[in-house]
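Reader: Could you take me through one part of this model up close, the surroundings of the ligand, and then carry on to the charged pairs and a few residues worth a look? Keep it informal, but give me the cut-offs as you go.

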Amino acid sequence: MFTALREGLRPYTQAMREYALKADELRDMPAEYVKDDFFRPIWQLGTPEKFGSIGLRGKNNQTYFGESALELAIWTEEIAYGDPAMLLTLPGPQLVGPLISKIGEEHQQETFFLSFLKKEPVWASFALTEPSCGSDLANIQTRAEYTQDFYKITGEKKYVGNGTRASWVCIFAKIADKKGTFPIQCFLFNHNDLNQIGVKRTEINTLGMRSAKLAHFVLDRASISRQHLLGYTKSPLKRGFTGAAHVFYRMRPSVSALAVGVSKAAIDYVKENIQLSASSEIEIARLRWKIKKAQHMIYRAAHQADQQIFSQKVSSMAKWYANCIVYEVTRKCIHFTGPDLPNHPLIEKWMRDARMIEFMEGTTNIHKNMIGKELFKK
Ligand SMILES: Cc1cc2nc3c(=O)[nH]c(=O)nc-3n(C[C@H](O)[C@H](O)[C@H](O)COP(=O)(O)OP(=O)(O)OC[C@H]3O[C@@H](n4cnc5c(N)ncnc54)[C@H](O)[C@@H]3O)c2cc1C
């Protein structure tokens, strides 16, 4: 499926892997990578064609922009095959892009997306998780108070991917409405806003995905004009979390595809670099079969999302299964290297990176809950 797109991505994927270990060691992007113009089509992933994105030319001469859930899952799988942390570290609209497309005002979309067409890489972050709540998103504590055309935002955000390097940050907060309820809304900040209003951004040390620079934000009555509220002319229900939930649902298959990309990379690495016994070869064949199964579940979930068919069960099963597989594969690959592991630092790194996937786009327990709820509803 999407063979021409996969082939078009391969040179970038291979080039990205060259930087993976250095980025892990530095916990940052190597300077040569940031200056390398070659990666620009990848850095624009998720910038819509109508804003002038160059897209990626596939081997069939078709241009791909990563706009459907299925296409995005293929992009993710292929880039994660190069290296999963390099995927998370990619400049570009990332998770924020679909949110802006869905609920942003026209002028918000324009300033946001046009910024990614610059020569230098530009990062965007999505700040939802808080120190006291990750899975239980409805209970976020960050509050925005409205006074005379300005919002004053107070709260903390945790594990914000690319948080300290981002030029754009989408911050979720609750706003008290006239009925005394607190719908979740979303604010778009650019680099200058963040500095002017004194948002503190500090880096968190993580076991894996080190180059993604996960960050902790503190906002203390950070004052921002109403024009920074995403979709401020729309009703609170359309612009808030309900709009965002639709985006999460479309993005989940691509996070699951990340697990498949790393699993395939680890297996191919072992096949190419390690002398295997006959029983290990059988084990590898079994693992490949399981990876294929995960792939099919993900493509089905992505296809459903593109068809506007909302089944939590299908996408949660795909995420849960893909997560189990990437644990199993990376753990077994360590078994295949044996005591020679220090000579295969990519395998060691991918095992650390794989541990982090569980927490992205819903933990395994949360997906089990969702599946249970949908099954028992019937
Ligand atoms: C690499 C990486 C990148 C990330 N990037 C971002 C980002 O860009 N922006 C952002 O906002 N966040 C980001 N996150 C944070 C991520 O979304 C959260 O880690 C995730 O939502 C889980 O929240 P938590 O860590 O607070 O864990 P908790 O929600 O506290 O969960 C801890 C444990 O309790 C279990 N648990 C929780 N609730 C239940 C329940 N009801 N029933 C059963 N078990 C339960 C969970 O399964 C888990 O095992 C990132 C995380 C990682 C690892």
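Author: Here is a walk that starts at the ligand and moves on to salt bridges and some single residues.

A word on the ground rules: this is a predicted model, so local features need pLDDT of at least 70, side-chain atom pairs count only at pLDDT 80 or more, and totals for chains, interfaces and linings use all residues. Residues are numbered from 1 along each chain as its sequence is written, and side-chain values use heavy atoms, with hydrogens and water left out.

Let's begin with the ligand. There are 17 residues around the ligand, and those that come nearest are Phe126, Thr129, Ser135, Tyr159 and Thr363; a residue gets into this shell if one of its heavy atoms lies within 4 Å of the molecule. Thr129 has a side-chain N or O atom 2.7 Å from a nitrogen atom of the ligand. On the oxygen side, Thr363 puts a polar side-chain atom 2.5 Å from a ligand oxygen, while Gly161 uses a backbone N or O atom, 3.0 Å from an oxygen of the ligand. As for cover, the ligand exposes 970 Å² when taken alone, and the protein buries 68% of that (areas by the Shrake-Rupley method with a 1.4 Å probe; for residues, only the protein chains shown count as cover).

Which elements give two or more residues to the shell around the ligand? They are strand E3 (124–127) and helix H14 (364–377), with H14 giving the largest share, 3 residues. Helices (H or I, at least four residues) and strands (E, at least two) are DSSP runs, numbered from the N terminus. Seen by domain, the shell takes at least three residues from each of domain 2 (124–234) and domain 3 (241–377), the bounds coming from an automatic or database domain assignment. In chemical terms, the shell holds 10 nonpolar residues, 7 polar ones and no charged ones. For that split, Ala, Val, Leu, Ile, Met, Phe, Trp, Tyr, Cys and Pro count as nonpolar, Asp, Glu, Lys and Arg as charged, and the others, Gly among them, as polar.

Tyr159, one of those nearest residues, deserves a second look. Tyr159 is in strand E5 (residues 150–160), and its phi is near 60°, a positive value in a residue other than glycine. Its relative accessibility is 45%, so it counts as partly exposed; buried means under 20% relative accessible area, exposed over 50%, and partly exposed in between (1.4 Å probe, protein chains only). Lys213 also has a positive phi without being a glycine, near 45°. Lys213 sits in the loop between strand E8 (200–203) and strand E9 (215–225), and at 12% relative accessibility it is buried.

Now for the charged pairs. Side chains of opposite charge can pair when their charged atoms come close. Taking a salt bridge as a side-chain nitrogen of Lys or Arg within 4 Å of a carboxyl oxygen of Asp or Glu, the count comes to 23 salt bridges. One of them joins Arg352 to Asp24, at 2.8 Å from N to O. That pair links distant parts of the chain, with Arg352 in helix H13 (residues 345–357) and Asp24 in helix H1 (residues 3–26), 328 residues apart. Both ends are tucked away: Arg352 is buried at 7% relative accessibility, and Asp24 is buried at 8%.

H13 also holds a more local pair: Lys349 and Asp353 are 4 residues apart, about one turn of the helix. Their closest N and O atoms are 2.5 Å apart in a salt bridge. Lys349 is buried at 1%, and Asp353 is buried at 0%.

Glu328 and Lys290 make another salt bridge, with their closest N and O atoms 3.0 Å apart. Here Glu328 comes from helix H12 (residues 312–337) and Lys290 from helix H11 (residues 278–306), 38 residues apart. Glu328 is buried at 15%, whereas Lys290 is partly exposed at 23%. There is also a network of salt bridges that links Arg6, Arg10, Glu77, Glu78 and Lys264.

Last stop, His344. His344 lies in the loop between H12 and H13 and is buried, with a relative accessible area of 8%. Its side chain makes a polar contact with that of Asp340, at 3.4 Å (a pair of N or O atoms within 3.5 Å; within protein, one must be able to donate a hydrogen and the other to accept it, and residues adjacent in sequence count only if both atoms are side-chain atoms). Tyr269, 75 residues away in sequence, is 9.3 Å from His344, C-alpha to C-alpha. Tyr269 belongs to helix H10 (residues 241–273) and is buried at 13%.
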